[in-house]
Structures are given as C-alpha cells and as structure tokens.
Amino acid sequence: MNVLIIEDEKALAQELEIFLTNYNYKCEVCFNGKSASEKIATNLYDFILIDLGLPDYDGLDLLKETKNSNQEAACIILTARAEVNDRIKGLDLGADDYLPKPFSLPELHSRMQAITRRKFGLKNQQVELSDFVIDLTDRTITYKGTIINTITKKEFDLIAYLILHKNRTLTRMQLSEHIWGSIINNDYDSNFIDAHIKNIRKKLNAYGQPDWLETVRGLGYKIKING
C-alpha cells in the first residue's frame, strides 16, 4: 500500500520509512508541508501520516487538503502529547486515528492494519478462499496447511490488493498503477498484468482450483469472497 510520511524530524521520518518498507508498504517522505501539499494534490495514497507540528504548514490544513483530493486515503495524525485540542480537531476533520509522540512503531503498524480491516470489511488478516488461506500480515498463502512458497512478492501484492477490493473488478491500469507505482507503458491493456495472473493461477493450480480468482472479460480481474 502507498504511504505518504509527512514528518519534519528527519530521523523519525527515515525510521518510519525503513520500518514500513520492511512490511512491504511503498513509502514517500516529505519533511515540510509545502512539498507534502504538492504530493497530496497530484498523487493517490492509501495512508497519509501527518505530523501536526510542521514548521512551515498547519498539519490540520494538510488534513483538509487530503480529504478534498485523497478521499480514499486513511489519515493518522502524529502529534505531541500536549496537543489535545489539535487531536480533537483532527478527528473531527476526518482523521482515522492519532498517535501521541513518542509512539511505538509496532503499534503504528497494528493501527494501520486495523484501519485496513475496517476500510475493506475484513474480519481479520487471514482470508479463507476455499482450501486456500491468505495471510495478509505474514504474506503467506497456504493450501490445506501447506505453504505455497513459489508465489513472488509482486504476485502476492496483486492477490492482496484484489482481496482488499473483494468482489470488485479492478482494471489492468488500476493494478499496474497501484502495484508498480505507475502505468507500465501507454498500452496498459497489454498482457503484462495478464501474464502475472496466469503465473499465479498456474502456481495455485498445482495445489487446488483457485476459482475465486476471476477474469472479467474486457475489464480486468477480481477476487470473489462470500460473506
């Protein structure tokens, strides 16, 4: 998932970037409000971590801008403990959560996972699809208890992104933009995504039939989840 980290404490920002990257988030970092405002206006993110104490910008204004141009983004406020009123204002403006400084990085990750589950209607991080179990935290796929270790990182990213948007058809362009960060080339209907899906099916078919991974002819792909 794409994350924008807005934090003027460079050591903390870099620590956040390294930590979240290890959990396979794709991170961009801004050390000031001006550059953050430009990125919010032009890019789409799944999470935006906003430090309210920026030297050149009101973090609450960045939150307002996010809600105008990145409505799907989940926003977590990072703030000093004394700023109770700002935390309340932030939540009233639509922030999904806040963390008082100093905070635990594992706690941040747990809160991000909880927000993801709420946002996409997941009961937990393990999703059962027929005899397959996809663990979004451990990034594993098992079939009747056997780990399928042939799935690559990008292939798992594709599966996870389709699971988060369960029962919704995603186009090849949407998948390319989110998983690879940009359109692969001008012809996003090329067989680039198709080849990855074909490889995924081939690897899963060695264990069982992944009939939950559907091709929507002329549109794209979706993962069908009942309940």
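**Sheets, helices and two buried side chains**

Biologist: In this predicted model, Ile 6 stands opposite Ile 50 in β3. Over how many bridges do strand β1 and strand β3 pair?

Modeller: Strand β1 covers residues 2–6 and strand β3 covers residues 47–51. The two strands pair in the parallel sense. The number of bridges over which β1 and β3 pair is 4.

Biologist: Which residue of β4 is the bridge partner of Ile 50?

Modeller: β3 is also joined to β4, and these strands run parallel with 5 bridges between them. Ile 50, which stands opposite Ile 6, has a bridge partner in β4 as well. That partner in β4 is Ile 77.

Biologist: Which strands stand at the edges of the open sheet of 5 strands?

Modeller: The order of this sheet is β2-β1-β3-β4-β5, with parallel pairing. An edge strand here has a single partner strand, so one of its sides is left without a neighbour in the sheet. The strands that stand at the edges are β2 (26–30) and β5 (97–101).

Biologist: By what angle are neighbouring strands of this sheet turned against each other on average?

Modeller: The sheet is open, and the strands in question follow the order β2-β1-β3-β4-β5. With direction ignored, the average turn between neighbouring strands of this sheet is 15°.

Biologist: How many residues of β3 are buried?

Modeller: On one side of β3, Phe 47, Leu 49 and Asp 51 are buried. On the other side, Ile 48 and Ile 50 are buried, and both faces of the strand are thus covered. β3 is mostly covered, and its count of buried residues is 5 of 5.

Biologist: At what angle does helix α5 run to β5?

Modeller: Helix α3 lies across β1, β3 and β4 (74–80), and runs at about 160° to β3. Helix α5 (residues 105–120) lies across β1, β3, β4 and β5. Relative to β5, helix α5 runs at about 175°.

Biologist: Are α2 and α3 roughly parallel or roughly antiparallel?

Modeller: Helix α2 (residues 33–42) packs with helix α3 (residues 59–69) at an angle of about 10°, and their axes are 9 Å apart. Angles under 35 degrees count as roughly parallel. The arrangement of α2 and α3 is therefore roughly parallel.

Biologist: How many residues of the contact of α2 with α3 are charged?

Modeller: From α2, the contact is made by Gly 33, Ala 36, Ser 37, Ile 40 and Ala 41. From α3, it is made by Leu 62, Glu 65, Thr 66 and Ser 69. The residues of this contact divide into 4 nonpolar and 4 polar, and the number of charged residues is 1.

Biologist: How far is the backbone nitrogen of Tyr 45 from a polar atom of the side chain of Asn 70?

Modeller: Asn 70 lies in the loop between α3 and β4, and at 2% relative accessibility this residue counts as buried. Leaving aside neighbours within four places in sequence, Asn 70 is in contact with Ile 40, Asn 43, Leu 44, Tyr 45, Ile 48 and Glu 65. The distance from the backbone nitrogen of Tyr 45 to a polar atom of the Asn 70 side chain is 2.9 Å.

Biologist: Which strands are the edge strands of the open sheet of 4 strands?

Modeller: This sheet has the order β6-β7-β8-β9, and its pairing is antiparallel. Each edge strand pairs on one side only. The edge strands are β6 (126–129) and β9 (146–147).

Biologist: Which residue of β9 is the bridge partner of Tyr 143?

Modeller: Strand β8 (residues 140–143) pairs with β9 in the antiparallel sense over 2 bridges. The bridge partner of Tyr 143 in β9 is Thr 146.

Biologist: Are α6 and α8 roughly parallel or roughly perpendicular to each other?

Modeller: α6 packs with helix α8 (residues 191–205) at an angle of about 95°, with their axes 10 Å apart. Angles of 65 to 115 degrees count as roughly perpendicular. The two helices, α6 and α8, are therefore roughly perpendicular.

Biologist: How many residues of the contact of α6 with α8 are nonpolar?

Modeller: Glu 155, Leu 158, Ile 159 and Leu 162 in α6 meet His 196, Ile 197, Asn 199, Ile 200 and Lys 203 in α8. This contact includes 2 polar and 2 charged residues, and the number of nonpolar residues is 5.

Biologist: Is His 165 buried or exposed?

Modeller: His 165 is found in the loop between α6 (153–164) and β10 (170–171). Not counting residues up to four places away in sequence, His 165 touches Phe 120 and Leu 170. A polar atom of its side chain lies 3.1 Å from the backbone oxygen of Tyr 161. With a relative accessible area of 12%, His 165 is buried.

Terms used. Residues are numbered from 1 along each chain as its sequence is written. This is a predicted model: local features need pLDDT of at least 70, side-chain atom pairs count only at pLDDT 80 or more; totals for chains, interfaces and linings use all residues. Side-chain values use heavy atoms; hydrogens and water are left out. Axes are lines fitted to C-alpha atoms, for helices over the stretch in contact, and angles run from 0 to 180 degrees between N-to-C directions. Angles under 35 degrees count as roughly parallel, over 145 as roughly antiparallel, 65 to 115 as roughly perpendicular and the rest as oblique. Contact means heavy atoms within 4.5 Å. Ala, Val, Leu, Ile, Met, Phe, Trp, Tyr, Cys and Pro count as nonpolar, Asp, Glu, Lys and Arg as charged, and the others, Gly among them, as polar. Buried means under 20% relative accessible area, exposed over 50%, partly exposed in between (1.4 Å probe, protein chains only). A polar contact is a pair of N or O atoms within 3.5 Å; within protein, one must be able to donate a hydrogen and the other to accept it, and residues adjacent in sequence count only if both atoms are side-chain atoms. Two strands pair if DSSP finds at least two bridges between them.
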